[in-house]
Amino acid sequence: MAHVPWRHSILLRTAAIVIGVACAVGALFIAQTLRVTSERTYARSTAGLSELIDTVESTVSIACFVTDQALALEVARGLLKNIQVRGVVIAAGTQELARVSRSSDAATTNDANLAPLERKIHSPFNAQEVVGMIRLEPNREEIRQLIHQETRFFGLLLVLQLIAVVGSVVFIVLRTVVHPIKTMSDGLHRLDAAAGESLPQPPGHAHTEIGRLVEDINELARRMVVAMEEERAVTRQRELEERKYRVIFDNARIGILTIDHTGHIESYNPALFYLLDLPRSSGGEDPGFTLQSLSWRQSSLPQAMILQCLDNNSPMTDDLELLLDDGTVRWINLVLSPVGENRLQGILADVTGRKQAEAAAKQEAVTDLLTGLSNRMGLERSLESQIHTHLNMPGRGFALMMLKLDGFRRINDAMGFGVGDLILKEAANRLQNCLKASDTVARLDGGKFALLLPRAFGEVRASMIGQRILKTLAHQFDVQGAPLQLGANIGITLCPGDGGDPPTLLRNAQLALDRAHNNNHHGFTFFDTTLAEIAERRGVLETDLRLALRREGFRLFYQPIVDLNHHRVVGAEALIRWDHPQNGLISPDDFIPLAEETGMICEIGLWALESACRQLLIWQSAGRGDLYLSINVSGRQIPDSLSPERIAQTVWRYGIDPSRLVLEITEGVLLNNVIQAQHWLATLRDLGFRIYLDDFGTGYSSLSYLKRFPVDTVKIDKSFIRDMAADNDDRALVEAIIAMARSLRLSVVAEGVETLQHAALLRQMHCYTAQGFLFSKPVPEEQLAAAMARIEAMPVELL
Amino acid sequence: MKPFLSSLIWVLLNWPSLLYAGGPLVVVIHPGSSVETLSREEVINIFLGRYRQLPSGLLAQPVDQPAGQKASFYKLLVGKELPEINAYWSRLVFSGKTKPPQQARDLAEVIQWVNSLPGAIGYMEADQVDSRVKVALKLN
């Protein structure tokens, strides 16, 4: 702003306003004062004249009474001496006694305010009688002069006062308010805040509003400078980034463009042309096409995306196929984002590579990576499409086979996954070799395969193919120079005879395979409806079993074990029974396999342990602390479910000596995981528990096992005992077992002793511990005492 | 008590004079005058120098009694004390137009004055009147 011209200066303006207002008010006041003064002066004059008459009234009264002209004249002359009196007339009745007046007079008689003063004169001796009158002519000129003098004097006084007051006020206001403001204004005008200058504090105003104003202005200026510097820094930064983004924009490998709502391209970067495989154009001009006019395979999609993006005001993305001139297809990922004002920003990227990778991945999803066969998903797809084909063109149906390599898991465990993988590959090869191209082979998991055979309609053809497969897999596998023999089991289901949807067919094939597996002679089994019924029964049984677990539906039965030598009971084997609400007591053979499969065996085992301990405690209280009790342990319980710690803790809780509890295991249990089983056994024996090897003679019964698994006792399987009276081979076998056990310093318990002959034979073979129906069948707890008493009361000579 | 007593004593002592002062005064004229009666106004005008003329046209020549009766007379006539009357005359004397009444030394002189001048006019107590004078006005 320019310098303030002097006539606009606040100093001059303030002074002019203060003086002007003061003068106007003062003039009004003075005029009023003068008027009042004039009136007062006139009133005083009139009063003075009236008083003048008062002083001479008595004399005038006498003069009039006696019509004494000389006296009247004398009085009149005396009155005329007063400067304010111009003329006097004294009259007695009609006779004028005296008339005097000033000669130098040209009076204006029309002044109402200065009318002559007339008074009636009464007789000195009778107040009622009027004897004359006196009239005073006021000296108008004189009075007016007097008034003028008075008013002039007062006027002058007031004007002087006014000047003094106004002058003082103007001076003070200018000095204390206006001048500091003007100084501030001038200072502010010249101030260069950016150079760090600040406004000086006007002297004497440190604590006034002006001082605060100066502080605030300085503070404001300082903040403004800071803000400006920040703004400048931001601008610089923005320019820098703008350049950076410009470079990115120009050199980006992705196409960037902005379009309006019609798809008209308003700006774009060079990469867009590479991406769209168009001849290069110089940037910034109209590229000559719209987003929709490009050769998209999904030609309506870009327009739809633009509309949707604008409608929802949110970004849209999709992959589009761009048809190139050379006939190839390029996948373009298009992202549209609204940027306001009906405009969109588009980013285009070449995603052909990703699309190819995705397709490859999709392929992988249905392929088993190891063998290159289909996986489960691939099989299900093939199965679905096969069913679909069959429904559309009903033919003679097809077969679905499920195949499991027998012993594969054992080899995998024993020889490592490398060997397992090689076997799987070889098996896959063999399978593919003996099938047609139209057949589908899939690997499901582990050593399990599935075969979809569209041409194998009917059991005959399916059997032929099954035979062929079994044959080819029966050849030994040469893996890393070691010949391995594997077999396989096959379950076969036929469509549409057995079912018409993938889940049913797959389940059927699985059930048939399970049956074949259970038969365990490397063959194939066709699905039939009984399999489904069995499966259903199993399902029901499983539910009941869970219920039984929750409701304590199990009971322990006890079969006494007898010392033949001393003719007394030494212990008992605890045998579990399921007290089924509908079916009555169920033997363990009918539900333990299921419990093992479902894992419920673990809870059942714990329950059995607790119950056994309770029984031992009862014996202990009854004075039969010498008796021991054996419980059967399943492979699933080793090593974690029925851990040595758990057993020891339970026994300790009941206050039972560990030597009173015997754990019976079978050879098969030990073979599942050799190292863990060894450790489990050793720990328990260290804790003082005894281990019995159950069903000895039926399995491998190898001497080396007995050496690797340190047990206390072997129990000879009841099948040998039963037949040893009639069969010499069995007798020899029993004898051998007993001899062997003795040489290994193991004790022997004979199971299934049913007759006196059995007992006699065993005694001859020096086996003195036995159990069996000869002594007692397994009995519930309440009958145990009676059974034991009966056994011990049996005649010695019988044994 | 004391002021009351003193005022009572004053009244008793002055009783005769008070009685006297309040007694009837009469204005008398020459016995042979054609004028029979005078009004109070005429008496005032004559004695206070306004008109020195009797109704008959004769120049009136008033005479004053000595101080005692003079005061009573003026008191009765115009209600003024003697000093006031004196002051009145002193102002008129200045112009010389009129003069105060003739001052007699005693009653005899008054009687003689009235009896000897046809325009004479005087005053006295009613019981002092004799044939040498004629009563023109009774003052109460």
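Helix 6 of chain A, on the face turned away from its buried side, carries the exposed residues A:Leu307, A:Asp311 and A:Asn312. Exposed here means that 12 or fewer other C-beta atoms lie within 10 Å of a residue's own, buried means 20 or more, and partly exposed is in between, with C-beta atoms placed from the backbone. This is a predicted model, in which local features need pLDDT of at least 70 and side-chain atom pairs count only at pLDDT 80 or more, while totals for chains, interfaces and linings use all residues. Residues are numbered from 1 along each chain as its sequence is written, and chains are lettered from A and ligands numbered from 1 in the order in which they are written. Helices (H or I, at least four residues) and strands (E, at least two) are DSSP runs, numbered from the N terminus.

**Helix 6 of chain A**

- The buried residues of this helix are A:Pro302, A:Met305, A:Ile306 and A:Cys309. They cover an arc of only 100° around the axis, so they sit on the same side of helix 6 of chain A; the arc is that of the directions from the helix axis to the C-beta atoms.
- These buried residues pack against strand 7 (316-323), strand 8 (329-340) and strand 9 (343-350) of chain A.
- At 1.5 Å a residue, the 12 residues of helix 6 (301-312) should span 16 Å, and its end C-alpha atoms are indeed 16 Å apart. The expected span is 1.5 Å times one less than the number of residues.
- Just after the helix, A:Asn313 takes a positive phi of about 55°.

**Helix 21 of chain A**

- Here the buried residues are A:Val734, A:Ile737, A:Ile738 and A:Ala741. Seen down the axis, they fall within an arc of 95°, so they line one face of the helix.
- On the other side, A:Asn728, A:Asp729, A:Ala732, A:Ala736 and A:Ser743 are exposed.
- The buried residues of helix 21 pack against strand 22 (690-696), strand 23 (713-716), helix 20 (718-723) and strand 24 (747-750) of chain A.
- Helix 21 (728-743) has 16 residues, which at 1.5 Å each should span 22 Å; its end C-alpha atoms are 22 Å apart, which agrees.
- A:Arg745, just after helix 21, takes a positive phi of about 60°.

**Nonpolar cores**

- The largest nonpolar core has 70 residues, and those with the most contacts inside it are A:Ala612, A:Leu629, A:Ile716 and A:Ala750. Such a core is a set of buried Ala, Val, Leu, Ile, Met, Phe, Trp, Tyr and Cys residues joined through C-beta atoms within 7 Å.
- Helix 15 (601-621) of chain A gives the most to this core, with 8 residues.
- A second, separate core of 53 residues includes A:Ala98, A:Leu136, B:Val28 and B:Ile111.
- Leaving aside neighbours within four places in sequence, A:Ala612 is in contact with A:Leu556, A:Ala574, A:Leu629, A:Ile631 and A:Leu661. Two residues are in contact if their C-beta atoms, placed from the backbone, lie within 7 Å.

**A loop residue, A:Ser641**

- A:Ser641 lies in the loop between strand 20 (628-632) and helix 16 (644-654) of chain A.
- A:Ser641 counts as partly exposed because it has 16 C-beta neighbours inside 10 Å.
- Not counting residues up to four places away in sequence, A:Ser641 touches A:Cys602, A:Gly605 and A:Arg636.

**Where chains A and B meet**

- In this contact, 9 residues of chain A meet 12 residues of chain B.
- On the chain A side, helix 1 (10-65) and helix 2 (69-80) are the elements that give two or more residues, and the largest share, 3 residues, comes from helix 1 of chain A.
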